[in-house]
Amino acid sequence: PMATSNRQMPPPSPCNFTCTVDRKKNWCVGCLRTLDEIGRWEQMTAKEQWDVIDTLDTRRASAGKHGA
């Protein structure tokens, strides 16, 4: 995990311009964010954005086990 001091600044968007929604998982197959997370990204606090980034690792592991 990143140092706490680095987390005071917003992370870069995880968007990689592969914008396709997996309707079963209800998240984008490119960045693994939910539609709500994508829609709210610019309004989120840095902490909220980092919380989403942390969640993406878990989603990535889940997607890898079960196929995307």
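The exercises below work through a predicted model of a protein, each with a solution in steps.

The model is predicted, with local features requiring pLDDT of at least 70 and side-chain atom pairs counting only at pLDDT 80 or more, while totals for chains, interfaces and linings use all residues. Residues are numbered from 1 along each chain as its sequence is written, and side-chain values use heavy atoms, with hydrogens and water left out.

**Exercise 1. The overall layout**

Task: State which secondary structure elements the protein has and in what order they run, then describe burial, contacts and surface.

Solution. Step one is to count the elements, where helices (H or I, at least four residues) and strands (E, at least two) are DSSP runs numbered from the N terminus; the protein has two helices and two strands. Step two is to read their order, which from the N terminus is β-β-α-α.

Step three concerns burial, for which buried means under 20% relative accessible area, exposed means over 50%, and partly exposed lies in between (1.4 Å probe, protein chains only). Of the 68 residues of the protein, 31% count as buried.

Step four turns to contacts, a contact being heavy atoms within 4.5 Å: among those with a separation of 6 or more, 48% join residues 24 or more positions apart. Step five gives the surface, computed by the Shrake-Rupley method with a 1.4 Å probe, only the protein chains shown counting as cover for residues; the protein exposes about 4,800 Å², of which carbon and sulfur atoms supply 56%.

**Exercise 2. Two cysteines and the disulfide count**

Task: Determine how many disulfides the structure holds, and explain why Cys28 does not bond to the closest cysteine sulfur.

Solution. In general, a disulfide is a covalent bond between the sulfur atoms of two cysteines. The rule applied here asks for a pair of cysteine sulfur atoms within 2.5 Å, and the structure holds zero disulfides. For Cys28, the closest cysteine sulfur is that of Cys31, and because the separation is 4.0 Å, it is too far for a bond. As for their surroundings, Cys28 counts as buried at 6% relative accessibility, and Cys31 is buried with a relative accessible area of 4%.

**Exercise 3. Positive phi in the loops**

Task: Describe where Asn26 and Leu32 lie, and say for each whether the residue is buried or partly exposed.

Solution. As background, most residues other than glycine have a negative phi. Asn26, in the loop between β1 (21-22) and β2 (27-28), has a positive phi near 65 degrees and is partly exposed, with a relative accessible area of 43%. Leu32 belongs to the loop between β2 and α1 (35-40); its phi is also positive, near 70 degrees, but Leu32 counts as buried at 7% relative accessibility.

**Exercise 4. The links made by Asn16**

Task: Trace which residues Asn16 touches, not counting residues up to four places away in sequence, and which backbone atoms its side chain reaches.

Solution. First, place the residue: Asn16 lies in the segment before β1 and is partly exposed, with a relative accessible area of 41%. Second, beyond residues up to four places away in sequence, Asn16 touches Gly30 and Cys31; the C-alpha atoms of Asn16 and Gly30, 14 residues apart along the chain, are separated by 6.1 Å.

Third, look for polar contacts, that is, pairs of N or O atoms within 3.5 Å in which, within protein, one must be able to donate a hydrogen and the other to accept it, with residues adjacent in sequence counting only if both atoms are side-chain atoms. The side chain of Asn16 reaches the backbone oxygen of Gly30 at 3.0 Å, and a polar atom of that side chain lies 3.2 Å from the backbone nitrogen of Thr18.

**Exercise 5. Arginines and helix α2**

Task: Describe the setting of Arg33 and Arg59, and identify the side chain with which Asp54 makes a polar contact.

Solution. Begin with Arg33, which sits in the loop between β2 and α1 and counts as buried at 4% relative accessibility. The charged end of Arg33 sits over the ring of Trp41, 5.0 Å from its centre, under a rule that requires NZ of Lys or CZ of Arg within 6 Å of the ring centre and within 35 degrees of the ring normal. Not counting residues up to four places away in sequence, the residues touched by Arg33 include Trp27, Trp41, Leu56 and Arg59.

Next comes Arg59, in helix α2, which is buried with a relative accessible area of 12% and, with the same sequence exclusion, touches Trp27, Leu32, Arg33, Thr34 and Glu37. Finally, Asp54, also found in helix α2 (residues 46-66), is partly exposed at 36% relative accessible area, and its side chain makes a polar contact with the side chain of Arg7 (2.9 Å).
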